[in-house]
Amino acid sequence: MVDPARAPSRRGAGELESEVLAALWAAARPLTTAQVQRAVDGDLAYNTVQTILARLYEKGLVDRASQGRRHLYRPTKGAEELAAEQMQALLRRGPDRQGVLQRFATSLSEEDAEALRAMLRLRRRR
Amino acid sequence: MTVSVYVPVAVSLLVAAISHQMAIRLSPTRGTVITVVGAAALCAAGATWALVLLSLTLLGFTQLAVEEATQRGVVLVQPVPGAVGVLAALALAFGLARVVRVTRARWATRRELRVLCRSCAPGELAVVPVSEPHAFAVPGRPGRVLVTQGLLALLDGKERRVVLAHERAHLAGRHHGLRATAEVCAAINPLLVPVREAVAFLVERGADEYAATVSGSREVTARALAKAALAESGDPRQSALGFVACEVTARVAALHAGPPRPRRLLPGGFLLLGVGTTAAAVQATLAFCRLIHWLWLS
């Protein structure tokens with residue numbers, strides 16, 4: 001575990017690349033640099049986003065299409081469809097195999113889901 | 001043989017009984033988790049060794065010892081009843097079979113995850129075009145963060161940062177190794193299953209805390225977690241698994257409650273129980289050796 005006290009306050013180049021790539025994947029349509037900047041949410045300068053996109057393009061991780069003077073970016077598709085099939089297969093395996101997966105969030109019972117929704121509503125009202 | 005051979009079982013029960021409370025109260029640092037896993041390993045080793053000793057009594061030297069003792073006019077204290085020996089041997093066999101099973105499952109899943117990641121574009125992040133929201137940390141050199149497109153689409157920029165940081169914390173803290181160790185302990189000694197769940201919960205909490213620091217907001221971290229969990233709860237097949245200790249609700253509540261206070265005493269107490277088990281196992285071994293020594297060498 002990484003101690004929270006020692007967590008970096010500034011993100012490294014690799015982390016920023018992942019964030020930009022994640023934003024492109026989330027969008028499901030090609031994005032301009034300005035749109036990427038908005039999607040990554042907030043604190044990145046336009047120039048930084050541009051640099052990161054250029055680096056991702058050099059690595060072959062994003063495709064670039066020109067629209068007038070602007071570039072439109074989207075993630076490069078490799079054998080992702082195959083990966084999707086492999087993941088569906090993995091998620092259908094028995095509890096032994098499922099137990100190994102380190103999930104971000106586990107599913108909830110109906111009761112827990114209701115409790116969680118109530119908790120979120122309560123926070124919003126405060 | 002002496003009572004000490006049964007101590008590991010008693011301690012395991014005690015450790016299991018308190019592990020849920022411990023998981024909720026402990027500050028989820030790496031040190032804490034290592035301590036809990038260490039205690040579990042000591043308990044598992046002690047209990048397994050006790051089973052080995054009890055099974056060995058089946059080989060017949062207790063019978064020999066009893067006869068010898070009667071001849072010499074000595075009264076032996078607490079010889080192990082035959083039934084206990086048989087039960088111990090069975091428990092040992094089942095335990096070993098379970099260890100083989102969970103280890104195989106772990107390797108198979110890991111292999112599959114690596115193959116899956118290789119199908120994706122290189123880099124830290126691997127995105128799979130699947131609509132259900134999932135995120136996994138895939139250990140390896142280097143480790144990778146595997147996310148579904150469904151999860152990314154569900155979240156905003158800050159929340160996506162939370163997910164990435166959370167999975168990165170699993171990789172950096174080598175949580176998979178800690179979880180695997182706890183799993184093997186619970187496989188060989190099923191009394192330790194609650195400890196395995198406690199470890200699973202603690203590593204998730206630790207990763208949440210790291211993500212909260214990176215994103216700069218406990219609120220955003222809790223929201224990302226809640227969104228992902230609520231989106232996932234539609235699938236009854238997965239809820240049937242019931243990983244009680246990983247309860248998302250408890251994690252969200254902990255994030256809302258504020259930064260955890262470090263407690264040094266609790267993990268220490270946990271470790272002490274593990275050490276107690278080891279001491280008992282050593283004592284039982286000595287008693288066993290004395291019996292053999294007395295039988296054949298005196």
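**Figure 1. Chain A of this predicted model is built from six helices and two strands.** The model is a prediction. Walk along chain A from the N terminus and the elements come in the order α-α-α-β-β-α-α-α. Of the 126 residues in this chain, 34% count as buried. As for how the chain folds back on itself, take the contacts in chain A with a separation of 6 or more: 41% of them join residues 24 or more positions apart.

**Figure 2. Chain A meets chain B.** The contact draws on 54 residues from chain A and 71 residues from chain B. On the chain B side, helix H6 (residues 157-172) gives the most, with eleven residues. Sort that side of chain B by class and you get 37 nonpolar, 19 polar and 15 charged residues.

**Figure 3. The largest nonpolar core holds 115 residues.** The members that touch the most others are Val20(A), Val36(B), Ala40(B), Leu146(B), Leu192(B), Val195(B) and Val199(B). Helix H2 (residues 30-56) of chain B supplies the largest share of this core, 13 residues. Zoom in on Leu146(B) and, setting aside neighbours within four places in sequence, you find it in contact with Leu113(B), Cys117(B), Ala126(B), Val128(B), Ala135(B), Phe136(B) and Val138(B).

**Figure 4. Helix H8 (residues 193-215) of chain B is largely enclosed by the rest of the structure.** That wording is fair because 22 of the 23 residues of H8(B) are buried. From first C-alpha to last, the helix reaches 33 Å, close to the 33 Å expected at 1.5 Å a residue. Just after H8(B) comes Gly216(B), with a positive phi near 75°.

**Figure 5. Helix H9 (residues 218-232) of chain B has the span its residue count calls for.** With 15 residues at 1.5 Å each step, H9(B) should span 21 Å, and its end C-alpha atoms are indeed 21 Å apart, so the two agree. H9(B) is mostly covered, too: 13 of its 15 residues are buried.

**Figure 6. Ala97(B) sits in helix H4 (residues 82-119) of chain B.** This is a spot on the outside by the counting rule: Ala97(B) has 11 other C-beta atoms within 10 Å, and a residue counts as exposed at 12 or fewer. Ala97(B) is therefore exposed. Its partner in this view is Ile188(B): the two are 91 residues apart in sequence, yet their C-alpha atoms are 8.4 Å apart in space.

Terms used: Residues are numbered from 1 along each chain as its sequence is written. Chains are lettered from A and ligands numbered from 1 in the order in which they are written. This is a predicted model: local features need pLDDT of at least 70, side-chain atom pairs count only at pLDDT 80 or more; totals for chains, interfaces and linings use all residues. Two residues are in contact if their C-beta atoms, placed from the backbone, lie within 7 Å. Helices (H or I, at least four residues) and strands (E, at least two) are DSSP runs, numbered from the N terminus. Ala, Val, Leu, Ile, Met, Phe, Trp, Tyr, Cys and Pro count as nonpolar, Asp, Glu, Lys and Arg as charged, and the others, Gly among them, as polar. A nonpolar core is a set of buried Ala, Val, Leu, Ile, Met, Phe, Trp, Tyr and Cys residues joined through C-beta atoms within 7 Å. A residue is buried if 20 or more other C-beta atoms lie within 10 Å of its own, exposed if 12 or fewer, and partly exposed in between; C-beta atoms are placed from the backbone. The expected span of a helix is 1.5 Å times one less than its number of residues.
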